Protein chains: 2
Amino acid sequence: MNQRLLVIGGVAAGPKAAAKAKRCAPEMGVSIYQEEGEISYAGCGLPYYIGGLIKERDKLIARTVAQFAQDDIQIKKRHRVEEIDVAKRMVSGRNLESGEPFADRYDRLVLATGAYAIRPRVDGLNLENIFSLHSVFDADALLLTAHSPQVKDVAIVGGGYIGLELAEALTQMGKKVTIVEMAPQILTLFDEDFAGILQQYLEKKGVRILTAEGLKAIRGQNGKVTHVLTQTQDLRADAVVLSLGVRPRVDLAQKAGLKIGETGAIWVNEKMETSAAGVYAAGDCTEMTHLVTGKKVWVPLGSTANKQGRVVGINVCGGNAVFPGVLGTAIFKTFDFSVAKTGLSMKEAGREGLHPIQAIVRGYGRAHYYPGGKESVLKVIAEKGTGRVLGAQAVGEGSSDKLIDIVAMSLHGRMNCEDLAAVDLAYSPPFSPALSPVIVAANVLMNKMGGDLGWISASEVKEKLETSPGNFQLLDVRDPKEVRGKRIPHSLSIPSEELEKRLGELDKNRETAVHCFSGLRSYKACLKLKHAGFDKIKNMDGGILSWIYETEKGGSKR
Amino acid sequence: MNQRLLVIGGVAAGPKAAAKAKRCAPEMGVSIYQEEGEISYAGCGLPYYIGGLIKERDKLIARTVAQFAQDDIQIKKRHRVEEIDVAKRMVSGRNLESGEPFADRYDRLVLATGAYAIRPRVDGLNLENIFSLHSVFDADALLLTAHSPQVKDVAIVGGGYIGLELAEALTQMGKKVTIVEMAPQILTLFDEDFAGILQQYLEKKGVRILTAEGLKAIRGQNGKVTHVLTQTQDLRADAVVLSLGVRPRVDLAQKAGLKIGETGAIWVNEKMETSAAGVYAAGDCTEMTHLVTGKKVWVPLGSTANKQGRVVGINVCGGNAVFPGVLGTAIFKTFDFSVAKTGLSMKEAGREGLHPIQAIVRGYGRAHYYPGGKESVLKVIAEKGTGRVLGAQAVGEGSSDKLIDIVAMSLHGRMNCEDLAAVDLAYSPPFSPALSPVIVAANVLMNKMGGDLGWISASEVKEKLETSPGNFQLLDVRDPKEVRGKRIPHSLSIPSEELEKRLGELDKNRETAVHCFSGLRSYKACLKLKHAGFDKIKNMDGGILSWIYETEKGGSKR
């Protein structure tokens, strides 16, 4: 009898595993059980479907049932698997259309049960016009409501990727959007400074953002939502999108006695085998190894699901493929900003006890003289001492995707800053500055590690300006034109070309932080000051670019 | 007495070395000798200056003499260094303005003498309106002539990067451009197929391209050029741009007795030290190590010059920086195509005895359902057996730069295909398909290495169709709509979904190549045919995407 492969879950990892298995072993019998009424759809495309950029719903469907049938893969939609008997190698469940029970045997089983959206525990969740965005049906429902002109104010609960993607989509539709985030910052996987840059940008685009505001309750009238109550606010809301994140869907696995990992997702080895013989898992329901820390993590992503699906497809046919792990690389777009990350943030690296240092540089996408270039701010993080690259973040209108991919590859290669500073990337004026921003950041990190120059973060500068103004001064070495546009309150302005002549204006006894736009001119100014005998000099990381606090307009005060 | 640093050459590597040295050791005396009347200009920007995209000449100047002076770096323009006495640590030469001789002593000397444009040995070079494009003055001269309405036909001699960049600039200005290339293909650092894709594109844009045509002579009237004579053609030309490539400028080094490497460029070690004590070299005049082959190569590029300049700047101050080498990464833009390469081509890998295999895939820049995506064709090359990644090429309107940078990083990390298939890159629909084209290519390479399926290149298919039509058949499994648009002559068309029913139309005894658009459907079809008992089945690399030969329009013949 031919080998029989059953796949539970029909969105990303499941169909990929099935298709690859069928190519490796055409004689294998393959069926996919899918609880929902759609299969093989692009979950990551839903915000763009809401926003109207993707107009045809069909485009989100990667492969239809008929296309699977052509490859001799049977799709069982609206079939819920309710039990797995790993000893007998049987699954059983219910046809959700007919209510009929079913049972099926397998030689190999793939769990691709995905994740579910977290629901908050508050009153009012049963009101109309409350949505989450996890399946294509959620999107259909939200889209229908969002098109109603009666729906003017929308609250998005949760300031993660999907919430921020939706903020754009809904703002473009003319809605007044408020984001309610429980944590002290949006985008908690990013460092505070970069989340702050994004927050300022979104606020300029008309999105209201409330941080450190937990959802308390949702109130309504006539069965429809009208208000969202947070710790301190009572917000009008004609619709609410719950975007508090997801959790792995492991109930079936748990019931079958499969090992659940420390992250709460299904434990698998490098071959994507679960703890039960013949049973594999792939996609959002599994945990994985973080390749920087070596620890188990749960990072659900479509790209990972695809890679894991392929590995499982090979291995169910007796192959020997492995999935080594992830870096936590992620990217999303909101308005014209691309926001991306790979590896560890400063916070995360600190929690791992790694003594991280950071370089913040301008990520311009072209040679300075080539018109039309866009800019992102790039942060690269390394371990002090060893120089090992630990991670990066990029935010802005520039090629955040390319910059982060380059750093992600350096993490795979376990490079240090010196390695990274020497990489041979594609340069020509329309595509990159002669030195890629990644290389510039690596050089800054080496300067930081090698030199005797001190560094100070924007948040430390802010604190010192407030708490010890008598012992501390902040020197701004930008040009007067730049200073007129925007300056940090209480800073002293001396343009770098006048610095040597005007040294007398500085107090040698005070600790002195220096900043410019992004950190290069201030670095040079620090070296000059050092040379001139100032010894309490520190360069401010990332310049005014990463100053996310209050600024003032107007001429320099001195 | 303070240490004295002299730098010979003021375009890219020289100024970079000087500036970095001055930051590392502010007390050092630093002078730059520059033969030309401009310093620190962006050589790579010249084609865009010609094309009018960069309107202000000043934008090409990265730093002025005054800016250098501010950093206490002395610039000696129009000073030609004619001799170096390495024993006495002295240089001497002539002020080209005044004619006066000069001499100067050094503790450390940096040679950054760059490269010069190759001049062909033909008659007529002294005619007016013959240009090269090496310095900003060359660009000024060409620009002036190109703006004349009398200049209608322009011949570009040489089909390398700069010639092809200029082809766009001059075509956009309304000139009739002909490229004359001696080799059998333009872009000789690329494989024939990818050079062919670019050539077809350029021809569509109105650029005439003659390959395998050596320049024989240039003819003129009244002192001005009128015709270019090649082996077989007599071309009208009101202007000629000589773009035959460059050679390292090593005469000064040679005269001083410095070691010249096997590539003809100045030999340096990893610290960029020449064979003479206290003398360093950086930029286009030096040779370097190719990090894939380990051999010495000469690849002059602005990005490399910048990195080397920094290394030299550190080392002249007693530092210990190294420049490990290059991958030969390069990119350029012509019209809307970006054309990029890293590592070895198939040809180059073959010459190294490495048994290369290739995967050619569609490099779409977004998820398939996200609108506005552009496409490049991507080729990734690996070593058969070990699976080690050797190089890549990309050409098209898509993100060739990002794709090539990812592969370049994999070369730095000495990855094999399995490593590359598992990398965690930034995915979200606006930025990438769920599986990056690089990952897809790595998977194809693994399929090639692992499977028993045969592969055949487009050029082999062409040869077999011509030489043994009775023993060979080419099956096109694309949809009828695609076939109607463009088909390979003598191919049989059976859409993949009809394949199982129509197997009888194929001759089992003939060797059978299968193609589709890019190679995925044909791969699946090959597996089906294999399963159906066909044993002489080969998948055609890169599908019709990489078929650079004649095609025909119209309905399928069967």
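Modeller: Before we start, helices (H or I, at least four residues) and strands (E, at least two) are DSSP runs, numbered from the N terminus. Please keep in mind that this is a predicted model.

Colleague: Between which helix and which strand of chain B is the place of B:His355?

Modeller: B:His355 belongs to a loop of chain B, and the elements on either side of that loop cover 346–351 and 356–364. Counted from the N terminus, these elements are α9 and β23.

Colleague: Is B:His355 buried, partly exposed or exposed?

Modeller: A residue is buried if 20 or more other C-beta atoms lie within 10 Å of its own, and exposed if 12 or fewer do. B:His355 has 13 C-beta neighbours inside 10 Å, so it counts as partly exposed.

Colleague: Near what value is phi of B:His355?

Modeller: Most residues other than glycine have a negative phi. B:His355 is a residue other than glycine whose phi is nevertheless positive, near 50°.

Colleague: Where in chain A does A:Arg78 lie, given that its phi is also a positive value?

Modeller: Phi of A:Arg78, which is not a glycine, is near 55°. With 15 other C-beta atoms within 10 Å, A:Arg78 is partly exposed. Its place in chain A is the loop between β3 (73–77) and β4 (79–85).

Colleague: Turning to the whole chain, what is the radius of gyration of chain A?

Modeller: The secondary structure of chain A comes to 15 helices and 30 strands. For its 558 residues the globule rule gives 24 Å, and the value for chain A is close to that, so chain A is as compact as a globular protein of that length. The radius of gyration is 27 Å.

Colleague: How far apart lie the C-alpha centres of domain 2 of chain A and domain 4 of chain A?

Modeller: In the domain assignment of chain A, domain 2 covers 130–244 and domain 4 covers 454–546. The separation between the C-alpha centres of domain 2 of chain A and domain 4 of chain A is 39 Å.

Colleague: What kind of axis relates chain B to chain A?

Modeller: Two copies of a chain are related by a rotation about an axis and a shift along it. Here chain B is superposed on chain A by a rotation of 180° with 0.0 Å of shift along the axis, at an RMSD of 0.0 Å. That is the relation of a two-fold axis.

Colleague: Which residue of chain B has the C-alpha nearest the axis?

Modeller: The axis in question is the one about which a rotation of 180° superposes chain B on chain A. In chain B, the nearest C-alpha is 2.2 Å from the axis and is that of B:Gly413.

How values were computed
Residues numbered from 1 in each chain as written. Chains lettered and ligands numbered in written order. Predicted model: local features only at pLDDT ≥ 70, side-chain atom pairs only at ≥ 80, totals over all residues. Rg over C-alpha atoms; globule rule 2.2 N^0.38 Å. Domains from an automatic or database assignment. Least-squares fit on C-alpha atoms with pLDDT ≥ 70 in both.
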